[in-house]
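Hi,

Here is the structure I promised to pass on. Have a look at it first, and my notes follow right below.

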Amino acid sequence: MSAFFVEGGHRLEGEIRVHGAKNSVLPILAAAILVPGVSVIQNCPDLSDVAASLEILRHLGCRAERAGDTITVDAGTLARSDVPDDLMREMRSSVIFLGAVLGRTGEATMSYPGGCELGPRPIDLHLAALRSLGAGIEEETGRLRCSGALTGCDITLALPSVGATENAMLAAVMADGLTVLENVAKEPHIVDVANFLNTMGADVRGAGTDVIKVHGVRRMHGCTYTIIPDQIEAGSYMVGAAITGGNVLIKNVIPKHLEPITSKLEKAGAHVEEYDDSVRVSRTGDIEPLNIKTMPHPGFPTDMQPLMSVLLTLAKGTSIITEGIWENRFRYVDE
């Protein structure tokens, strides 16, 4: 399709169910490599990044099949430890396979990842964490070759990087001894990945705080696990209801994960009702101006910044929006 035609002027009303979190399912699919058996992962969104992850798993020799929103991965047939350039360039999150493959096989060969361009996303924090665990890493014509037995250690991230936190966790779960990760990311999907690892028999403690402790185990087992709802998809519908002066019930959410979004929407004049696993968003009055600065969790999420900017074009006054994560996140403004 080359164009979308949108007829405006309509309130958003009704109810909708949120899919599983993209930022959880991608590292969890990679984590399935760690088990020489079958993992059943439920509530998986149908996204191109998920399809790319399945292709990487199949290339590595795993069986990966989808039926509805359930993906079954059998990593007992893992046969190789390299990922070709074309698959790595499909998405930014492909780098998460580095820690998982290295942790399972003791070696991994991959190129630098691709993905969207929101500004520099260096993987030096990922590589530094893996080196601290004992991996030898060589770069040759744009490809990374990693190998070595991994041993637990103390790692302090220079920044609370989500990807580096995930890669370090995946590499450490079967390393020898205790790994202490400090200044880590605290997003809900970090907790989700840790819960998945623990369900498979890992020993990961402290996810959601500044310090994660990983006690290495020798072997893990398959499991059945359900992905948490997508915070950003839910937030998108919440903002849509506020923009249009609508009334929308958003189902299959974890209201606590939405608190940074809920707080700003209420200050902007929206009404948010929270239930056990749903929220209702409506607006009847004016939209009020806001000051917003994106920050790592539990701050306001950078992925929601463009949507809030659109909302605030309708506010009765001047708003100030500061991007604290990605330097190119304002590229949409010219459009």
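Start with helix H5, residues 124–132, in what is a predicted model. Leu125, His126, Leu127, Ala129 and Leu130 are the buried residues there. What do the buried residues of H5 pack against? On the helical side, the partners are H4 (97–105) and H6 (162–172). The strands they pack against are S6 (136–140), S7 (143–147) and S8 (154–156). If you follow the chain on from H5, you get to glycine 134, which has a positive phi, near 110°.

Next, the aromatics. The count comes to 2 aromatic pairs. One of them is phenylalanine 196 with tyrosine 225, an edge-to-face arrangement with 5.5 Å from centre to centre and 70° between the planes. That pair links distant parts of the chain: phenylalanine 196 belongs to helix H7 (residues 188–199) and tyrosine 225 to strand S12 (residues 224–226), 29 residues apart. Both phenylalanine 196 and tyrosine 225 are buried.

Then there is phenylalanine 330 with tyrosine 332. Why does this pair count as tilted? The ring centres are 6.5 Å apart and the planes sit at 35°, and a pair is called tilted when that angle is neither under 30 degrees (stacked) nor over 60 (edge-to-face). So are these two residues buried or exposed? Partly exposed, in fact: the relative accessible area is 33% for phenylalanine 330 and 27% for tyrosine 332.

Cheers

Notes: Residues numbered from 1 in each chain as written. Predicted model: local features only at pLDDT ≥ 70, side-chain atom pairs only at ≥ 80, totals over all residues. Heavy atoms only, no water. Buried < 20%, exposed > 50% of the residue type's maximum accessible area, 1.4 Å probe, protein only. Helix = DSSP H or I, 4+ residues; strand = E, 2+ residues; numbered from the N terminus. Contact = heavy atoms within 4.5 Å. Phe/Tyr/Trp six-rings, centres within 6.5 Å; stacked < 30°, edge-to-face > 60°.
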